[in-house]
Amino acid sequence: MAKLSPRDIKRKINGIKNTRRITSAMKMVSAAKLRKAQNLLYATRPYSEKLYGLIYDLSIYIDRESHPLLAKREENKIDYVVITADRGLAGAFNSNVLKTVWREIIDLKAKGKEVNLILIGRKAVNFFKNKGFNIVGAYEDIYRTDMNLSFTAKVGGILASRFIEAQTDAVYLVNNELITSSTYETKIRKLLPLEPPSTVKITESSAVYNIEPSKEEVLESLLQRYINFQLYRALVESSTAEHSARMIAMDNATKNAGEAIRKWTIIFNKARQEAITTELIDIINAAEAIK
Amino acid sequence: MYKLDVVTPKGIIFTGDVYQTVITTADGEIGILENHMLLLTNIKPGKLRIEKSPTDVQEFAVTYGVIDVAGDKVIALVEEVYDLDSINVEEEKALLEEANQKLSSESITDQEREHYQKQKERAEALINLAKSKSS
């Protein structure tokens with residue numbers, strides 16, 4: 001390493017201090033956002049339980065094989081819904097998802113399957129741009145403004161109708177999920193065809209329950225709601241994991257910056273002492289010479 | 001009295017014993033008293049009126065959902081719930097405008113038509129409810 005003057009070292013230390021200030025602020029912001037996202041995630045639970053319960057109940061009254069959203073076909077055309085964050089600086093958060101999807105796609109293409117992509121999050125959109133894949137939908141900036149059911153209803157509607165029209169045989173969701181408050185995992189989940197609860201015996205449909213306008217229509221709307229809700233939940237899961245990942249990444253960055261500052265301060269002190277010693281030697285030498 | 005749960009993906013809005021619930025379904029407004037016949041039906045955008053007693057009444061605006069009426073237990077699963085005075089009329093008007101524009105254009109898929117039809121229905125219902133509150 002070229003020898004740095006004490007002034008250069010000082011400048012470097014100040015630079016690192018500024019970086020540390022930023023990373024530590026980002027950590028705080030992520031911590032606050034994480035709490036918010038976690039609350040949103042916990043709030044989905046009662047809905048999810050009740051919705052699942054209703055589908056379960058209704059599936060008793062209905063011939064489950066008949067519904068197009070439940071149809072099992074050989075998986076030749078596959079849709080992937082890839083959920084990443086819009087922004088980086090969160091460790092391997094985005095690249096984990098992208099790598100997982102990439103491996104799956106290469107694998108499936110080698111087997112001669114057709115793969116289509118629905119991309120949610122800027123990192124996914126940018127990654128798959130110009131790579132020659134068939135992209136059905138690309139959505140950015142949804143976490144800030146649109147993380148609501150009108151967005152998931154739109155995407156859910158597209159997925160359901162693609163499935164019903166046999167443009168795709170299966171739809172998978174890929175997103176990160178928080179396992180503990182500090183670790184996340186990339187999960188691949190099958191969204192379509194929906195797997196109805198299999199333990200239910202089909203009994204004679206009972207006449208007591210009034211289902212309006214018709215069983216089929218109510219089931220249809222329940223299933224569509226279920227798809228939309230799964231998407232919504234995946235988005236909330238992903239954003240919770242994102243904030244957690246960013247918080248940890250920024251925590252590490254802050255610690256590393258502190259470590260670097262400590263190291264450079266020692267170097268700075270040494271360099272300063274060296275300069276003083278040199279000057280002292282000069283002065284003493286000069287004084288000796290005069291005698 | 002019976003137990004009513006109103007749940008959205010963003011949390012539980014209401015849970016407790018009520019005397020009557022009035023809600024908009026595909027066939028129009030229905031009132032649900034104790035021992036209502038077993039019913040499972042779709043909810044349409046409109047008013048949700050929860051009467052804990054004839055004098056203790058709460059009103060909300062709801063959008064799409066399903067309601068399950070089963071004896072002494074009623075569950076309403078809805079996408080969104082608003083207090084009547086917290087509806088953003090300007091935003092809803094913009095959504096309605098957008099939906100009308102899309103619906104009148106020629107190049108639109110069935111799927112988009114359905115989506116914007118719903119958007120229109122939802123915005124209209126919310127705007128009307130906001131008006132009825134302020135007038």
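**Exercise 1. Find why the end-to-end distance of helix 2 (residues 110-134) of chain B agrees with its number of residues.**

Solution. The model is a predicted one.
Step 1. Helix 2 of chain B has 25 residues, and the rise is taken as 1.5 Å a residue.
Step 2. The expected span is 1.5 Å times one less than the number of residues, so for helix 2 of chain B it should be 36 Å.
Step 3. The end C-alpha atoms of helix 2 of chain B are 36 Å apart, which agrees with that expectation.

**Exercise 2. State which residues of helix 2 of chain B are buried, and what covers them.**

Solution. Step 1. The buried residues are Y116(B), Q119(B), R122(B), A123(B), A125(B), L126(B) and L129(B).
Step 2. An α-helix has 3.6 residues a turn, so residues three or four places apart point the same way.
Step 3. The cover over the buried residues of this helix includes strand 5 (39-51), strand 6 (57-62), strand 9 (81-83) and helix 1 (89-104), which belong to chain B.

**Exercise 3. Describe the make-up of chain B: its secondary structure, its order along the sequence and its extent.**

Solution. Step 1. Chain B contains two helices and nine strands.
Step 2. Their order along the sequence is β-β-β-β-β-β-β-β-β-α-α.
Step 3. The C-alpha trace of chain B spans about 50 × 30 × 25 Å along its principal axes.
Step 4. Chain B has 135 residues, of which 33% count as buried.
Step 5. Take the contacts in chain B between residues at least 6 apart in sequence: 49% of them join residues at least 24 apart.

**Exercise 4. Work out how strand 1 (residues 2-8) and strand 2 (residues 11-18) of chain B are paired.**

Solution. Step 1. The two strands pair in the antiparallel sense, over seven bridges.
Step 2. One bridge partner can be named: K3(B) has D17(B), in strand 2 of chain B.
Step 3. The link from strand 1 to strand 2 of chain B is a hairpin through two residues.

**Exercise 5. Give the domains of chain B and describe where they touch.**

Solution. Step 1. The domain assignment of chain B gives domain 1 (2-83) and domain 2 (87-134).
Step 2. Their centres, taken over C-alpha atoms, are separated by 23 Å.
Step 3. Six residues of domain 1 of chain B are in contact with six residues of domain 2 of chain B.
Step 4. On the domain 1 side, strand 5 of chain B gives the largest share, three residues.
Step 5. That side divides into three nonpolar, two polar and one charged.

**Exercise 6. Describe how chain A and chain B meet.**

Solution. Step 1. On chain A, 25 residues are in contact with 23 residues of chain B.
Step 2. The elements of chain A that give two or more residues to its side are helix 1 (6-60), helix 4 (149-164), strand 6 (210-212) and helix 5 (215-290).
Step 3. Helix 1 of chain A gives the most, with nine residues.
Step 4. The chain A side divides into 17 nonpolar, five polar and three charged.
Step 5. Strands also pair across the two chains: strand 6 of chain A and strand 5 of chain B run parallel and are joined by three bridges. In this pairing I211(A) stands opposite L40(B).

**Exercise 7. State which residues have the most contacts inside the largest nonpolar core.**

Solution. Step 1. This core has 82 residues.
Step 2. Those with the most contacts inside it are V81(A), V82(A), L159(A), V174(A), I43(B), A76(B) and L77(B).
Step 3. Helix 5 of chain A gives the most to this core, with 16 residues.
Step 4. Leaving aside neighbours within four places in sequence, the contacts of V82(A) are V97(A), V101(A), L117(A), L119(A), I120(A), A124(A) and V174(A).

**Exercise 8. Locate D141(A) and A166(A), and decide whether each counts as buried or exposed.**

Solution. Step 1. D141(A) is in the loop between strand 3 (134-139) and helix 4 of chain A. A166(A) is in the loop between helix 4 and strand 4 (170-180) of chain A.
Step 2. D141(A) is not a glycine, yet has a positive phi of about 60°. A166(A), also not a glycine, has a positive phi of about 60°.
Step 3. A residue counts as exposed if 12 or fewer other C-beta atoms lie within 10 Å of its own.
Step 4. D141(A) has 10 C-beta neighbours inside 10 Å and therefore counts as exposed. A166(A) has 12 such neighbours, so A166(A) counts as exposed.

Definitions and conventions:
Residues are numbered from 1 along each chain as its sequence is written. Chains are lettered from A and ligands numbered from 1 in the order in which they are written. This is a predicted model: local features need pLDDT of at least 70, side-chain atom pairs count only at pLDDT 80 or more; totals for chains, interfaces and linings use all residues. Helices (H or I, at least four residues) and strands (E, at least two) are DSSP runs, numbered from the N terminus. A residue is buried if 20 or more other C-beta atoms lie within 10 Å of its own, exposed if 12 or fewer, and partly exposed in between; C-beta atoms are placed from the backbone. Two residues are in contact if their C-beta atoms, placed from the backbone, lie within 7 Å. Ala, Val, Leu, Ile, Met, Phe, Trp, Tyr, Cys and Pro count as nonpolar, Asp, Glu, Lys and Arg as charged, and the others, Gly among them, as polar. Two strands pair if DSSP finds at least two bridges between them. A nonpolar core is a set of buried Ala, Val, Leu, Ile, Met, Phe, Trp, Tyr and Cys residues joined through C-beta atoms within 7 Å. Domain bounds come from an automatic or database domain assignment.
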